[in-house]
Amino acid sequence: MAKVYFRYAAMNAGKSTQLLQVRHNYHERHQRTLLLKPHLDNRDGEDIIKPRIGGLVAKVDALIYPETNLCTLVEDDRRTKGKLDCVLVDEAQFLTPGQVRQLCEVADFQNVPVMCYGLRGDFRAELFAGSAALMALADDIEELKTICWCGKKATINARVLDGHVLREGPQLLIGGNETYTALCRKHWLLDAPLPTST
Ligand SMILES: [Zn+2]
């Protein structure tokens with residue numbers, strides 16, 4: 001029986017690198033994958049997956065829009081291109097809860113494994129809608145670890161402006177001056193994004 005996998009992290013944990021490695025492994029075995037990513041307005045080159053550390057780069061097979069039905073998308077892909085061995089989803093935190101259920105149907109009724117990679121929560125330490133649905137429904141959940149500057153495990157993708165942690169505001173920003181940094185909970189609570197911050 002095919003499963004739904006969710007691999008989550010705070011930022012900079014190498015999610016895209018691992019996703020592309022998995023895809024590469026399928027292709028080496030002459031198996032076919034379908035690489036998907038939610039559409040966002042605030043990114044350049046959004047149909048390209050390019051890990052921060054370099055290495056493998058890939059163009060997505062299809063962008064996911066809020067109205068996209070993933071059952072239909074996968075069915076159509078299998079009908080036109082043949083056997084499909086794995087569905088891979090990057091930035092899965094931006095899926096709608098309905099789309100997460102559709103991915104479960106892909107696994108359960110079309111028998112195609114689905115691997116989703118995404119962030120656990122936003123800068124306010126609240127779950128993204130897609131991540132919450134995956135936490136509730138995925139068969140296999142694993143955390144990809146990254147560390148805070150202090151060396152402890154980072155769990156929050158903190159939004160930082162002028163050296164301070166922001167804890168309120170819209171979940172998605174377009175064109176702001178904010179940056180993101182992975183922090184442990186303590187340093188997120190202390191508003192201490194860097195060792196030199198006061
Ligand atoms: Zn810390």
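A residue counts as buried here if 20 or more other C-beta atoms lie within 10 Å of its own. That cut-off will help with the views below, all of which come from a predicted model.

**View 1. Strand S7, enclosed by the rest of the structure.** Let us start inside. All of S7 meets the cut-off: 6 of its 6 residues are buried, so the strand is largely enclosed by the rest of the structure. S7 covers residues 114-119. On one side, S1 and S7 run parallel and are joined by 6 bridges. Look for Phe-6, whose bridge partner in S7 is Cys-116. S7 also pairs with strand S6 (residues 86-89), again in the parallel sense, over 3 bridges. In that pairing, Leu-88 stands opposite Met-115 of S7.

**View 2. The whole chain, for orientation.** Stepping back, you will find 5 helices and 11 strands in the protein chain. The chain has a radius of gyration of 17 Å, close to the 16 Å that the globule rule gives for 198 residues, so it is as compact as a globular protein of that length. Its C-alpha trace spans about 60 × 30 × 30 Å along the principal axes. Of the 198 residues, 36% count as buried. Among contacts with a separation of 6 or more, 76% are between residues 24 or more positions apart.

**View 3. The open sheet of 6 strands.** Here the strands follow the order S5-S2-S6-S7-S1-S8, with parallel pairing. Which strands lie at the edges? They are strand S5 (62-64) and strand S8 (140-143), each of which pairs on one side only. On average, neighbouring strands of this sheet are turned by 20° against each other, direction ignored. At the S8 edge, 4 bridges join this strand to S1, and the two run parallel. One pair to find is Arg-7 with its bridge partner in S8, Glu-142. As a general reminder, strands of a sheet pair through backbone hydrogen bonds, either parallel or antiparallel.

**View 4. The largest nonpolar core, with Cys-116 among its best-connected residues.** This core has 48 residues. Those with the most contacts inside it are Val-87, Val-89, Leu-103, Val-106, Val-114, Cys-116 and Leu-183. Cys-116 is a good one to follow, as you have already met it as the bridge partner of Phe-6. Which residues does Cys-116 contact, leaving aside its neighbours within four places in sequence? They are Tyr-5, Phe-6, Val-89, Ala-92 and Leu-134.

**View 5. Helix H4 and its buried side.** H4 takes in residues 129-137, and its buried residues are Gly-130, Ser-131, Ala-133 and Leu-134. These residues cover an arc of only 165° around the axis, which puts them on the same side of H4. What do they pack against? Their partners are strand S1 (4-9), helix H3 (97-109) and strand S7 (114-119). Leu-134 also appeared in the previous view, as one of the contacts of Cys-116.

**View 6. Ala-13, a buried loop residue.** Ala-13 lies in the loop between S1 and helix H1 (15-28). Is this residue buried or exposed? It counts as buried because 21 C-beta neighbours lie inside 10 Å. Leaving aside neighbours within four places in sequence, Ala-13 is in contact with Leu-144, Lys-145 and Thr-146. Leu-119 is also worth locating: Ala-13 and Leu-119 are 106 residues apart in sequence and 9.7 Å apart in space, C-alpha to C-alpha.

**View 7. The open sheet of 3 strands.** This sheet has the order S10-S9-S11, with antiparallel pairing. S10 and strand S11 (179-183) stand at the edges, each with a single partner strand, so one side of each is left without a neighbour in the sheet. From one strand to the next, the twist averages 50°. S9 and S10 run antiparallel and are joined by 3 bridges. Leu-161 has His-164 as its bridge partner in S10.

**View 8. Asn-111 and Asp-162, with positive phi.** Asp-162 is found in the loop between strand S9 (156-161) and strand S10 (164-166). Its phi is near 50°, a positive value in a residue other than glycine. Asp-162 counts as exposed because it has 7 C-beta neighbours inside 10 Å. Asn-111 sits in the loop between H3 and S7, and its phi is near 60°, also a positive value in a residue other than glycine. With 10 C-beta neighbours inside 10 Å, Asn-111 counts as exposed.

Key. Residues numbered from 1 in each chain as written. Predicted model: local features only at pLDDT ≥ 70, side-chain atom pairs only at ≥ 80, totals over all residues. Buried ≥ 20, exposed ≤ 12 C-beta atoms within 10 Å, placed from the backbone. Arc of directions from axis to C-beta. Contact = placed C-beta atoms within 7 Å. Rg over C-alpha atoms; globule rule 2.2 N^0.38 Å. Core = buried A, V, L, I, M, F, W, Y, C linked by C-beta atoms within 7 Å. Pairing = 2+ DSSP bridges. Axes fitted to C-alpha atoms, helices over the stretch in contact; angles between N-to-C directions.
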